[in-house]
Amino acid sequence: MTAFFVFCLVLIPRILPNAYWQSIFSITGVYVMLSLGLNIVAGFTGLLDLAYIAFFGIGGYTFAFLCSNHFGIHLPFLLALPVCALVAMISGFLLGLTSIRLKGDYLAIVTLAFAQIFKLLLLNLDAPVNITGGVNGIYAFDTAKIFSFKISSPENYSTWIWACALFVFVISFRLKDSRIGRGWNAIREDELAANAIGINVTRMKLFSFATGAMIAGFAGGVFASFQGSVFPNNFDFQQLVIVYCMVIIGGLGNIYGVVAGAIVLSVLPEALREYGGLRMMIYGAALVAIMALRPQGLFSGIPGFSKLMRRPDKDETGELRASTDLYYSLETDDGNRKTFTREDLPILNIQNLSLNFGGVKAIDDLDLTLHKNEILSIIGPNGAGKSTLFNVISGIYKGDKGSVTYRDHDISYFKPHEVVRLGIARTFQNLRLFNELSVLENVKISRFCRTKAFFFSILLNLKLNRKEEAETDKTVKQILNMFGKRLTGYRFDQKVKELSYANRRRVEIARAMATDPEILLLDEPSAGMNPQETIEMTDFIKELRDKFGYTILVIEHKLNLVKAVSDHVLVMDFGKKICEGSYETVSKNPDVIAAYLGKKGKK
Ligand code: ADP
Ligand code: MG
């Protein structure tokens, strides 16, 4: 692909027939940049950002202010472009700060309003003081100069613009394949699950929004200098729709596809120009055809194309194998491994916890103590409040009353990602995996909260990033390897939505384990599994504690599993603890029998 860009950069500008095609080629480069930027916000992170084009405009007008006679500021070209990017980024950040908590349609409405207000300002801020030049825009910019080299010929402009596009392409690529990119993908797939494995969703969305704005601003500056003028019409809603089409046709999140989408949609209308009135019809028909035939984008899922991608699970001979076969051999022998048993050290303490949903007392004055390396099972009929209890511990809900203390921390008011960072990870009763991502990616995302590399470290692939990436890879494979032959017949690069139900449950546990927790909260880990799989899961839960030293709080319905694994059992009904003790004690308790058989009260 880099070769392709170099080709665009060096060769094409020299072979194009005339200045007209030269300029189309340059504009195509601008669109490539714009689509790649939007792809970060809408594709990677899944935010419907309709203010995007305004950031393009902010970049353009910033350039106009800085490099023309309009205000008499003549900033050097190479200095002006970063300023354009920065101003747009700050605007993006500020808009995001006020609106990023809104979801879906609401975010779209606020950002659309921002874009419209921006355009109105451009049109009307020409009196009483002339700031934007109104409909006439601003023109006659300083000559673009890189040091002493003047960019004036169309060929040189094309080369310069495509060099910028290459720069944005590299940024996109580096980000996508980093902890930040994985964090964004997680947010796009399932915000709550992302939060529950340690991603600060608000902050990461804001960062995505600002990064998109920065790229748009940069593209705006490049565009303005190329056109030599800026007008409000350059930055209106129509432009936004075109850029969205490019990203969607290319395939949201797919970098190659988006570059292709941008090229096709900027060249196609021009190529059809000679057909006059038919042109827009053909263009429209082509759009419809692409959307109908390849709704997932031009390039995603083409077998030959995706085969080219590196596979994570080829063996030395290049043959593709089930990942478990490949990595199972990695398992170190555990002859001299320590065995863990319950210790008498309380690490999680819940006191007088209550939570009401309207009139429903989901949790009613509940106490619970979990000891180091204990397996504590919570049982009780449907609707007893078990999952709600997990939601409170993991910070998704806040209790109305009472406290949750983990070691020395009162975590009652902690947010989900803070709870995970401290060392409590969970799974969900109704699987919340990142379905469109692979097994490996799902588990890799969990390393987000244990890694630190940020923007520059990632862009420049500095030591910190390299070290963390290698460590992430190793840890994740080790964890998947713990499942050994249980995770059968799957490949690391398979999307989790293609896995069997039991395997998906296992991946969810692996994902929780990859956050390095001390405590694992497992919500019905064997739900939906057949008897054989349930037995395996039972062994596995025991192994997690005995061999790997996790402390486990597990909600279960299957009593033989509970019987086999539990040090301690707590029974809930109507949000209340009705009894606790060893499995033997609990199973003989008349209240428990009544709750399970559905009798009302004691005789
Ligand atoms: P279970 O023990 O089966 O896991 P839950 O904790 O899911 O039970 O639910 C306990 C009670 O709280 C149920 O009556 C349920 O309807 C109610 N509940 C759970 N979550 C919510 C919510 N977000 N809003 C309203 N009611 C809820
Ligand atoms: Mg439940």
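Student: What pLDDT does the protein average?

Tutor: pLDDT is the predictor's confidence in each residue, from 0 to 100, and here the protein averages 87, with 91% of the residues at 70 or above. This is a predicted model, where local features need pLDDT of at least 70 and side-chain atom pairs count only at 80 or more, while totals for chains, interfaces and linings use all residues. Residues are numbered from 1 along each chain as its sequence is written, chains are lettered from A and ligands numbered from 1 in the order in which they are written, and side-chain values use heavy atoms, leaving out hydrogens and water.

Student: How do I read helix H2, and where is its kink centred?

Tutor: Helices are DSSP runs of H or I with at least four residues, strands are runs of E with at least two, and both are numbered from the N terminus. H2 covers residues 19–44. A kink of about 35° is centred on Leu38; that bend is the angle between axes fitted to the seven residues ending there and the seven starting there.

Student: Which protein atoms are donors of the magnesium ion (ligand 2)?

Tutor: Donors are N, O and S atoms within 2.8 Å of the metal (3.2 Å for Na, K and Ca); water is not among the atoms, so sites may look incomplete. Here they're Ser387 (OG) and Gln429 (OE1), 2.0 to 2.1 Å from the ion. Ser387 sits in helix H15 and Gln429 in a loop, 42 residues apart.

Student: How many bridges join strands E13 and E14?

Tutor: Strands pair if DSSP finds at least two bridges between them. Five join this antiparallel pair, and Asp573 partners Lys576. In the hairpin's turn, Phe574 has a positive phi of about 45°.

Methods:
Expected span 1.5 Å × (residues − 1).
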